[in-house]
Amino acid sequence: MKTMLVAPSILSADFGNLSQEIKDICQTSCDMIHIDVMDGKFVPNMTIGSVVVEAIAKVATKPLDIHLMVENNDFFVDMFKVFKPHSISFHIESEKHPHRLIQKLKTLNIKPAIALNPHSSIEDIRYLIKDLDMVLLMSVNPGFGGQKFIPSVLEKSIELKKLINKINPNCKIQVDGGVNDKNIQLLKDAKVDIVVAGSYIFKSKSPKKMVENLKI
Ligand code: DX5
Ligand code: ZN
């Protein structure tokens, strides 16, 4: 059964033609639009703020999945809440009060998710899983599209799934970074529910076909 959900990361889209890129990707069988927000502090890159997210929200017909790679999560949640995203992920490595931020997202009717860098342990979020809609496991170091997939995420996902089954079976596992048609079956076998893919989809002549390749 095809169960894998696909979230194209617009980081690899043509920003000079962003509106059309968003309209086109929404015509594919993708499930949500992944928006990478970087502040130049938590990660060595800067991307987009409210002006661009507003432009995306205007034309997108799929749910928005915002991935914060920032130091001040609270500030960015307040900035983006008006666009009514489906979900917001924040990094456990950047948040002093993750439990409080999860509650805030719930109050705003935004699905809360926590992202883990490749080095971070799933133990760091054991007592938060109960309140989460999703855990995002990074399979590259955050900051850039087009990097190589780090395979240790597969073992991590299998371990995480065991924990999720015990604590909160509704919580989904998302993997982000270096996803393509070579590793998609491995990801499915590792119990991943949602994959994020940027360069694999947007650097192709047929993003629609690439999305379909990942829907297994
Ligand atoms: C990296 C971002 C990813 C990135 C994925 O920090 O979180 O979402 O855009 O791009 P690819 O699929 O090219 O690795
Ligand atoms: Zn991302």
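This passage describes the surroundings of ligand 1 and the pocket in which the ligand is found. The model is a predicted one, and the values given below were computed from its atoms.

Ligand 1 is surrounded by 20 residues, and the closest of these are G146, D176, G178, G198 and S199. When the residues of this shell are sorted by class, 8 are nonpolar, 10 are polar and 2 are charged. Several elements of secondary structure contribute to the shell, with at least two residues supplied by each of the strands β2 (33-38), β3 (64-69) and β8 (194-197). Of the contributions to the shell, the largest share comes from β2, which provides 3 residues.

Polar contacts to oxygen atoms of ligand 1 involve both side chains and backbone. In D176, one of the closest residues, a polar side-chain atom lies 2.7 Å from an oxygen atom of the ligand, while for G178, also listed among the closest, a polar backbone atom is 2.8 Å from an oxygen atom of ligand 1. The side chain of H67 has an N or O atom at 3.2 Å from an oxygen atom of the ligand. Of the 380 Å² of accessible area that ligand 1 has on its own, 99% is covered by the protein.

The space taken by ligand 1 corresponds to the largest pocket, for which a volume of about 240 Å³ was computed. The lining of this pocket is made up of 24 residues, and those that lie nearest its centre are F144, G145, G146, D176 and G177. Two or more residues of the lining are given by each of β2, β3, β8 and α7 (199-202). By class, the lining of the largest pocket consists of 11 nonpolar, 11 polar and 2 charged residues.

Definitions and conventions. Residues numbered from 1 in each chain as written. Chains lettered and ligands numbered in written order. Predicted model: local features only at pLDDT ≥ 70, side-chain atom pairs only at ≥ 80, totals over all residues. Heavy atoms only, no water. Near = heavy atom within 4 Å. Polar contact = N/O pair within 3.5 Å; in protein donor to acceptor, adjacent residues only side chain to side chain. Areas by Shrake-Rupley, 256 points an atom, 1.4 Å probe, with all protein chains shown as cover. 1 Å grid on protein atoms, 1.4 Å probe; cavity = no way out; pocket = protein on both sides within 12 Å on 5 of 7 lines; lining within 4 Å. Sits in = over half its atoms within 2 Å of the grid points. Helix = DSSP H or I, 4+ residues; strand = E, 2+ residues; numbered from the N terminus. Nonpolar A, V, L, I, M, F, W, Y, C, P; charged D, E, K, R; others polar. Points joined across faces, edges and corners; volume = space filled by probe spheres on them.
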